[in-house]
Amino acid sequence: MRVKASALFRSTFGVAPAAAASAPGRVNLIGEHTDYNGGPVLPVALGARTTVVAGPADSGLLEIVSTRDGQLARLDYRENRAAGWGAYVAGVMRELVAAGAAAGGARIAVASDVPIGAGLSSSAALTVATAKALATLARVPLSARQIAGIAFRAEHDHVGVRCGIMDQTIAALATPGHALLIECASAETRQIPFRGRLLLVDTGVRHELARGALNERRAECEAAVARLKLELPELMWLAAWPAAWLARLKRALPEPLRSRAVHVVGETARTRFECSAPELDLVVAAAKRAGALGARLSGAGWGGTALVLVDRKREARITAAIRRAFHRAYGREPPITVARASVGMRREPVR
Ligand code: GLA
């Protein structure tokens, strides 16, 4: 990826890049839609990464190009008008400039093998790698947490996706062979050894709706908290509602707020959270029948990738069973890749 990004930078701008960084996509082992409710999550970084190489440009100017389409876009990041992936890069730039951690303008070339819209957090891989590359370009040594914060605010405040902190935090802090337990209310993290093999089954379903649906889901969770504050005035996060008071919670909330709250409070009710898709359900059922240790959707849901935890001895059998079941139902075979817990953001040599 680094070589591709550097080559694109040179062919587009006629000079070599001066800084480079990369960051991974992720899957989440447990705790979906809990991060923005102040609950715990347990993501793992993937081997698939996004690499960003950068060089200086005139003040106020962002010149961005990606290997996906090779189209150069020029934008003034101080205006709020960037569209598509440019909005994420512009958000990062605004955050960095506001923090005094970036020069006034930049050229950027991007190469990535993190699939877009597959529930693997291609957006956090982009924002974290961009923040790291631009801070490196400006010679400002930011910590992984500071980078994660900048990337989070770029997406949340500037692009307007009302996400939690999971994706940016794992992309910045991951270490190989570990999952990362993030307590999202306090942002406390703990590295948890994880040596499992994960199959990623891409359902091929891409919901343009996912961002709108996520924002709506979050608004429902916030409405639930507002009502529950009558019961428990000090309640800050939905995830902090005492699990022993589930009956009281159910009495206090009308639908659909009740279902949302039950999901967040009772981790075990996850499958009733209504963010799945038939393709995901089919993969999970087929994987479990074939002897998988566990299987579930990853990320926001509504399509994207299903995650299957396997024992190496049964991997071939499980893979074949998923392919067969999916083909029978949808007339096509889903791409399946193997993932292991990988490394987070890092600086890259520029050539
Ligand atoms: C998206 C968001 C995350 C998280 C997941 C659901 O990936 O970006 O912050 O809320 O959905 O767990």
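This passage walks through the ligand site of a predicted model, the pocket that holds the ligand, and two backbone features in loops.

A good place to begin is the ligand itself. The ligand sits in the largest pocket of the protein. Around the ligand are R26, E32, H33, D35, Y36, C163, G164, M166, D167, L214, G299 and A300. By type, this shell comprises 5 nonpolar, 3 polar and 4 charged residues.

Three of the contacts made by ligand oxygen atoms can be followed one by one in the structure above. At E32, the side chain takes part: one of its polar atoms is 2.8 Å from an oxygen atom of the ligand. At H33, by contrast, the backbone provides the partner, with a polar atom 2.7 Å from a ligand oxygen. The backbone is also used at G164, where a polar atom and an oxygen atom of the ligand are 2.9 Å apart. The ligand on its own would expose 310 Å², and the protein buries 94% of that area.

The view can now be widened to the pocket. The largest pocket has a volume of about 1,200 Å³, and its lining is made up of 45 residues. Among these lining residues, Y88, I116, G117, S122 and S123 are the ones nearest the pocket centre. Several elements of secondary structure share in the lining: the helices α2 (85–98), α3 (122–137), α4 (144–159), α5 (166–173) and α6 (210–228), together with the strand β6 (106–112), each contribute at least two residues. Sorted by type, the lining of the largest pocket holds 19 nonpolar, 16 polar and 10 charged residues.

Two details of the backbone also deserve a look. In general, most peptide bonds are trans, and most residues other than glycine have a negative phi. The bond between E255 and P256 is a cis peptide bond, with omega of about 5°. P256 belongs to the loop that runs between α7 (246–252) and α8 (257–265). The second detail concerns R139, which is not a glycine and yet has a positive phi of about 55°. R139 lies in the loop between α3 and α4, and both of these helices are among the elements that supply at least two residues each to the lining of the largest pocket.

Key
Residues are numbered from 1 along each chain as its sequence is written. This is a predicted model: local features need pLDDT of at least 70, side-chain atom pairs count only at pLDDT 80 or more; totals for chains, interfaces and linings use all residues. Side-chain values use heavy atoms; hydrogens and water are left out. A residue is near a molecule or strand if one of its heavy atoms lies within 4 Å of it. A polar contact is a pair of N or O atoms within 3.5 Å; within protein, one must be able to donate a hydrogen and the other to accept it, and residues adjacent in sequence count only if both atoms are side-chain atoms. Accessible areas come from the Shrake-Rupley method with a 1.4 Å probe; for residues, only the protein chains shown count as cover. On a 1 Å grid over the protein atoms alone, a cavity is a set of points where a 1.4 Å probe fits but cannot get out, and a pocket is an open set with protein on both sides within 12 Å along at least five of seven lines; lining residues have an atom within 4 Å of a point. A molecule sits in a cavity or pocket if more than half of its atoms lie within 2 Å of its grid points. Ala, Val, Leu, Ile, Met, Phe, Trp, Tyr, Cys and Pro count as nonpolar, Asp, Glu, Lys and Arg as charged, and the others, Gly among them, as polar. Grid points are joined across faces, edges and corners, and a volume is the space filled by probe spheres set on the points. Helices (H or I, at least four residues) and strands (E, at least two) are DSSP runs, numbered from the N terminus.
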